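Let's take a walk through a protein chain together, starting from the inside and working outwards. Keep the 3D view open as you read.

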Amino acid sequence: MVIAQPDEALRQAVSSTSWYHTLELAPGVTTHGWFDTRRVPPMLSFPETLAGRRCLDIATFDGFWAFEMERRGASEVIAIDVPDPAQWDWPINSPPTVVEEISQRRPGSGFEIAHRTLQSKVRRLELSVYDLDPARVGTFDFVYLGSLLLHLRDPVRALEKVRSVCRGDLMVVDAVDIALSMLSPRRPLAELDGRGRPWWWKPNLAGLKRLVEAANFTTTDGPRLLWMPPGPDQVKVRSPRALLTPAGRQAALSTWKGDPHAVLRAR
């Protein structure tokens, strides 16, 4: 994988695109992602080498994890995502205007820019996690599932589909509920949202572990709490009055410390 020298066309493409991941595409050209994922691999004990392993990145979005697996020597990397927001797991009460607004941002379109600039060989498929099938995509030695379960109506069914194509290791990184984890460290619990946006289940640490094991995986490490570092584009709480609301306090915490996630390894 080659990091090309920047040109004005690349700078304009990067600046006019909405980014979820922070990626260095060329010297002096770094995307303004919502999360600064460049700092995350050491937090996860991400494999130092994936040489000779066939890898899958689920919900790739801008492709940070797919490109990272390629950089670490994977023999092949498949990245899947659902680029059309209308096909996401929206609650029935979601306003059509919200779906349309997100669609206009073209979420995940940064993948095309990054793929071309990095001269990557990652193959991206427009495929839902619910439609994973070994007859269609084969099986994989290493699977990365990041920040997706929160947005799924049926996370267990999704994990069962992941299990059908995973012949080796699974790494899950997803949002968790800190309060529930503290109140109930051993009992699996989750908070249900499902109000007007594709945010569904936020489990405690024990709940995340139970979700994965319910799909017939065996946990080998974790879950361990981590804070997903905010990227340059993450909204900052500027008004002290915003701290009076739960949403404002959560935004302030995310901007200062990061978003509470957990990492779990399974086979």
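## The main core

Start in the middle of this predicted model. The largest nonpolar core is built from 34 residues. Those with the most contacts inside it are L25, L44, F46, M69, F142, Y144 and M171.

Which parts of the chain feed this core with two or more residues each? On the helix side, they are helix 1 (8-15), helix 3 (64-71) and helix 5 (110-117). On the strand side, they are strand 1 (24-26), strand 4 (76-81), strand 6 (140-146), strand 7 (166-175) and strand 10 (219-228). Helix 3 gives the most, with five residues.

## M171 and a second core

M171 is a good residue to click on. Leaving aside residues up to four places away in sequence, M171 touches L44, S45, F46 and P47. It also touches F142, V143, Y144 and L145, plus V263, L264 and R265.

There is also a second core, separate from the main one, with 32 residues. Among them are L56, L145, L159 and V162.

## Rings that pair up

Now for the aromatic rings: the structure holds nine aromatic pairs. One of them is Y20 with F61, a tilted pair with 5.0 Å from centre to centre and 55° between the planes. Y20 sits in the loop between helix 1 and strand 1, while F61 sits in the loop between strand 3 (54-58) and helix 3. That makes it a link between distant parts of the chain, 41 residues apart. Are these two rings buried or exposed? Neither quite fits: Y20 is partly exposed, at 24% relative accessible area, and F61 is partly exposed too, at 23%.

Next, look at F46 and F142. Why does this pair count as edge-to-face? The ring centres are 5.6 Å apart and the planes meet at 90°, and an angle over 60 degrees is what that label asks for. F46 lies in the loop between helix 2 (41-44) and strand 3, and F142 lies in strand 6, so the pair ties together parts that are 96 residues apart in sequence. Both rings belong to buried residues, since buried means under 20% relative accessible area: F46 has 3% and F142 has 0%. These two also join a cluster in which ring pairs link F46, F64, W65, F142 and Y144.

## Charges over rings

Rings can have charged neighbours as well. The charged end of R157 sits over the ring of Y130, 4.1 Å from the ring's centre. R163 lies over the face of F217, at 5.8 Å from the ring centre.

## A look at helix 9

Helix 9 covers residues 205-214, and its buried residues are A206, G207, L208, L211 and V212. What do they pack against? The partners are helix 7 (155-165), strand 7, strand 9 (201-203), strand 10 and strand 11 (259-266). Just after helix 9 comes N216, which takes a positive phi of about 75°.

## The whole chain

Time to zoom out. The chain has 267 residues, and 50% of them count as buried. Its secondary structure includes 10 helices and 11 strands.

Take the contacts between residues at least 6 apart in sequence: 68% of them join residues at least 24 apart. As for the outside, the accessible surface of the chain comes to about 13,400 Å², and carbon and sulfur atoms account for 53% of it.

Methods:
Residues are numbered from 1 along each chain as its sequence is written. This is a predicted model: local features need pLDDT of at least 70, side-chain atom pairs count only at pLDDT 80 or more; totals for chains, interfaces and linings use all residues. Side-chain values use heavy atoms; hydrogens and water are left out. A nonpolar core is a set of buried Ala, Val, Leu, Ile, Met, Phe, Trp, Tyr and Cys residues joined through side-chain atoms within 4.5 Å. Buried means under 20% relative accessible area, exposed over 50%, partly exposed in between (1.4 Å probe, protein chains only). Helices (H or I, at least four residues) and strands (E, at least two) are DSSP runs, numbered from the N terminus. Contact means heavy atoms within 4.5 Å. Rings of Phe, Tyr and Trp (its six-membered ring) pair if their centres lie within 6.5 Å; planes under 30 degrees apart count as stacked, over 60 as edge-to-face and the rest as tilted. A charge sits over a ring if NZ of Lys or CZ of Arg is within 6 Å of the ring centre and within 35 degrees of the ring normal. Accessible areas come from the Shrake-Rupley method with a 1.4 Å probe; for residues, only the protein chains shown count as cover.
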